[in-house]
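Work through the exercises below with the sequence and the model side by side. Each task is followed by a solution that proceeds step by step.

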Amino acid sequence: VVYGYTISRGSKYGNALVTKYPVKSSTNHQLPGDRTTEPRGLIEAELDIDGKTIKVMVTHLSTQDQERPRQVEFIEKKLKETKGPKILMGDFNARPLSDEVRRISKVMKDSAGKEYNTFPANKPNVRIDYIFVSDEIDIKSSKPIESQASDHMPVVAEVVLNGDELKES
């Protein structure tokens, strides 16, 4: 587990990455935002997946429209600095046709082959949760999972490194 807290008010609140693969390194970045709103973060972790290093990033963007563009700019910069296969996932608090999602979609592939909704979990009518992958990764499937464990439906994507690994799967 990699935990990146952004708020400490008696108990800590933030993002988490739960993985069965070894974590080689991790950093929790504070995302840009207004000091009067809830702080947001980006976990940046390197995983060792069968001898290959994969960069995995987890985020939860602001609910405030005016903050998300700066947060996405920060994330775009991190994505462009990172060579090799990478995955970005989280609650973007933004719809598929928003500027924020369009900007990320210029540098990463959205795992959703067909559109689906993720929020609110009890009657999902909008999609604000995403899994994006770099070009080195092929998407086999992506779908939301019905669950009331959160106010969002979890999203699961099955992905594989392209090239030789894909031919073997």
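**Exercise 1. Determine how the residues lining the second largest pocket divide by class, and where they come from.**

Solution. Begin with the classes: the lining of the second largest pocket has nine nonpolar, seven polar and three charged residues, where Ala, Val, Leu, Ile, Met, Phe, Trp, Tyr, Cys and Pro count as nonpolar, Asp, Glu, Lys and Arg as charged, and the others, Gly among them, as polar. The model is a predicted one, in which local features need pLDDT of at least 70 and side-chain atom pairs count only at pLDDT 80 or more, while totals for chains, interfaces and linings use all residues. Residues are numbered from 1 along each chain as its sequence is written, and side-chain values use heavy atoms, with hydrogens and water left out.

Next, take the position and volume. The pocket is lined by 19 residues, and Gly 90, Asp 91, Asp 129, His 152 and Pro 154 lie nearest its centre; its volume is about 470 Å³. A pocket here is an open set of points on a 1 Å grid over the protein atoms alone, where a 1.4 Å probe fits, with protein on both sides within 12 Å along at least five of seven lines, and lining residues have an atom within 4 Å of a point. Grid points are joined across faces, edges and corners, and the volume is the space filled by probe spheres set on the points.

Finally, assign the lining to elements. Strand S2 (11-17), S5, S6 and S8 each supply at least two residues, and S2 gives the most, with four residues; strands (E, at least two residues) and helices (H or I, at least four) are DSSP runs numbered from the N terminus.

**Exercise 2. Describe the lining of the largest pocket in terms of its residues, elements and classes.**

Solution. The largest pocket holds about 650 Å³ of space. Its lining comprises 23 residues, and those closest to the centre are Tyr 21, Leu 47, Ile 49, Ile 87 and Val 159. Two or more lining residues come from each of strand S4 (41-49), strand S5 (52-60), strand S6 (86-91), strand S8 (129-133) and strand S10 (155-161). The largest share, six residues, is that of S10. Sorting the lining by class gives 18 nonpolar, one polar and four charged residues.

**Exercise 3. Locate the salt bridges of Arg 40, Lys 55 and Arg 68, and state how far each partner is covered.**

Solution. A search of the whole structure finds eleven salt bridges, each defined as a side-chain nitrogen of Lys or Arg within 4 Å of a carboxyl oxygen of Asp or Glu. In the pair of Arg 40 and Glu 38, the closest N and O atoms are 3.1 Å apart. Arg 40 counts as buried because its relative accessibility is 7%, the limits being under 20% relative accessible area for buried, over 50% for exposed, and partly exposed in between, with a 1.4 Å probe and protein chains only. Glu 38, at 29%, is partly exposed.

Lys 55 pairs with Glu 46, with 3.7 Å between the closest N and O atoms. Here Lys 55 is buried at 12% relative accessibility, whereas Glu 46 is partly exposed at 26%. Both residues belong to a network of salt bridges that also links Glu 44.

The third pair, Arg 68 and Glu 100, has its closest N and O atoms 3.3 Å apart. It links distant parts of the chain, since Arg 68 lies in helix H1 (residues 68-81) and Glu 100 in helix H2 (residues 99-105), 32 residues apart. Arg 68 is buried at 6%, and Glu 100 is buried at 8%.

**Exercise 4. Which backbone features mark Asp 50, Asn 93 and Pro 120?**

Solution. Consider phi first. Asp 50 is not a glycine, yet has a positive phi of about 50°; this residue is found in the loop between S4 and S5 and, at 71% relative accessibility, counts as exposed. Asn 93, also not a glycine, has a positive phi of about 50°, but this residue lies in the loop between S6 and H2 and is buried at 17%.

Then consider omega. A cis peptide bond, with omega about -10°, joins Phe 119 and Pro 120, and Pro 120 lies in the loop between strand S7 (109-110) and S8.
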